[in-house]
Amino acid sequence: DSIVVVVDSVNATGVSYQVISSGAVVKEGAIDAGDNITGLDLGAGDYTVNLTTVVNGNYTSANYSSKITVNQANSSISAVDVEVIYGDSIVVVVDSVNATGVSYQVISSGVVVKEGTVDAGENIADLDLAAGEYTVNLTTLVNANYTASSYSSKITVSRANSSLSAVDVEVIYGDSIV
């Protein structure tokens, strides 16, 4: 979200400020009287804003501290269930919001048969799975600015139809059979 620190000063020609996190100054500057502090690009966390008035020789300076709390943004993830016939290409379409990537595990009968990660916007592809039922557990890979999210989807790989045939052969004894 856009961060705006509303500043109210009286008898000041301007205000200098410092934005501090964990004892370190992450942003500092000055604004004119009547202006607000804008343009702060801060990660999730707690910040202190130290304000000091810029005054002329007729006024004393004033100091004030305020707080900024930037909460993590929510992430989300989902995937469509997949149904294929053995031998067909398997692609799990993944939709994630506010994630840098997605980790996944493909599970069959409680055993992880495939795991890995995909970048945000990528799908899980090139799965070579035998006929059966699979669960895909997905978890967003996030940084400190986003919450984690998880989702489960299903893969069903049906058996492929097979066929068998042979040509009837009729020969005379002693002839070769092809």
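Hi everyone, let's start with one residue: I155 is buried, with a relative accessible area of 0%, where buried means under 20% relative accessible area, exposed over 50% and partly exposed in between, using a 1.4 Å probe and protein chains only. Before I go on, this is a predicted model, where local features need pLDDT of at least 70, side-chain atom pairs count only at pLDDT 80 or more, and totals for chains, interfaces and linings use all residues. Residues are numbered from 1 along each chain as its sequence is written, and side-chain values use heavy atoms, with hydrogens and water left out.

So where does I155 sit? You'll find I155 in strand β11, residues 150-158; strands here are DSSP runs of E, at least two residues long, and helices are H or I runs of at least four, numbered from the N terminus. Setting aside neighbours within four places in sequence, I155 has contacts (heavy atoms within 4.5 Å) that include V82, I90, L127 and Y134. Q18 is another story: its C-alpha atom is 53 Å from that of I155, with their positions 137 residues apart along the chain.

Now the whole protein. It has 11 strands and zero helices. The radius of gyration is 32 Å, well over the 16 Å from the globule rule for 178 residues, so the protein is more spread out than a compact globule. That radius is taken over C-alpha atoms, and the rule is 2.2 Å times the number of residues to the power 0.38. Along the principal axes, the C-alpha atoms fill a box of roughly 125 × 25 × 20 Å. Finally, of the 178 residues, 27% are buried. Thanks for listening!
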